[in-house]
Amino acid sequence: MRHDSIRALYRTWLALAAGRVAPARSEIDPKTITRELGDLFILDGDTENFACRRAGSRLGHALGRDVTGSGYLSIFETSSLATANEMLDQATQEGEPVLFSLRDASLGLPRPAPAPAPFERLLRRPENAPPAQERRRAFEGQGEMILLPLTHRGRLGARMIGIIALFEPPQLPRKHPIELSITGTRLLGRQSQLRAPIGLVPGARSGEVLARHGHLAILRGGKAE
C-alpha cells in the first residue's frame, strides 16, 4: 500500500468500522476525505452487476473517461476480468478489503527497473541534475486500487467504496480512454493493519490462494510463495 490516497481512505475505513466487519455507507462523511475525493468511486448493485454510482474527477482524467454509471468490470482489460470479479466477490460476500496493483493495459508489459548507475557516474553527476528519464518512467502507468465493503440498510457489500490512484497521473485529461490490467492482489483481512507483511500474489493466480501465513501464501497444489 504505497499511495497516500489509498492509505488515507483505508485508515478512515478502519476507524469507522471500529472492530465491525465494515462501516455503514451513511457513516462516510465526504468532509473527512476531501483530499481523496478526486480519486474515489462508490459502487452499488448486486454481485452480477456492480456499477459506479459516482467517480471523482481525477479518476476520470486518469482513465480518459467519466466512469459514473459504468459497470465495475468496464474499467479492466479482458485478461483481468476474472480476477476483478473474484476480488469483488471477496469484498461483497466475505467483507474482505482488497488491494490491487494496476497498470495501464495500453503500455504492455512493465519496464524492468533500471540498474543503479556506476559509482563513478554518481560522483560526476551535478548536484541539482534531474533524475534520469529511465527512472521517471519506472512507475509510468502504474498505480493501486483499494476496494472496501460497506453495509447499507443492514446488508454487507451492498455498497463499496474505493480509490484508483496512479503513481504518475496525467497532468491533463487523457484524449483516449484506457483500461487497466491487474498485476497483483492482496486480501487485507478484517483484522489487518497497514504494515501487515502479506505479499502480493500475481492477479492471474489469486484464485489459487488457499491460506496465508505471514508473508507466505499457500497456493492450490501445496506450493508456498
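Strand β3 (residues 98–104) pairs with β6 in the antiparallel sense, over seven bridges. Within this predicted model, D104 is the residue that stands opposite L180 in β6. Strand β6 (residues 180–187) is largely enclosed by the rest of the structure, because six of its eight residues are buried, that is, under 20% relative accessible area.

The pairing of β3 with β6 belongs to a wider arrangement. An open sheet of six strands follows the order β2-β1-β5-β4-β3-β6, with antiparallel pairing. Its edge strands are β2 (51–55) and β6, each of which pairs on one side only. From one strand to the next, the twist averages 30°. Strands of a sheet pair through backbone hydrogen bonds, either parallel or antiparallel. Elsewhere in the sheet, β1 and β5 run antiparallel and are joined by five bridges; L40 stands opposite I163 in β5.

Helices accompany the strands. Helix α1 packs on the sheet and touches β1, β3, β4 and β5, its direction making about 15° with that of β4. Helix α3 (residues 81–94) lies across β1, β3, β4, β5 and β6, and runs at about 135° to β5.

Two loop residues deserve attention for their backbone geometry. A18 is located in the loop between α1 (4–17) and β1 (40–44), and has a positive phi of about 50° although it is not a glycine. The residue A18 is exposed, with a relative accessible area of 60%. R153, in the loop between β4 (142–152) and β5 (155–166), has a positive phi of about 55° and is likewise not a glycine. R153 is exposed, its relative accessible area being 80%.

Note on methods
Residues numbered from 1 in each chain as written. Predicted model: local features only at pLDDT ≥ 70, side-chain atom pairs only at ≥ 80, totals over all residues. Heavy atoms only, no water. Helix = DSSP H or I, 4+ residues; strand = E, 2+ residues; numbered from the N terminus. Buried < 20%, exposed > 50% of the residue type's maximum accessible area, 1.4 Å probe, protein only. Pairing = 2+ DSSP bridges. Axes fitted to C-alpha atoms, helices over the stretch in contact; angles between N-to-C directions. Contact = heavy atoms within 4.5 Å.
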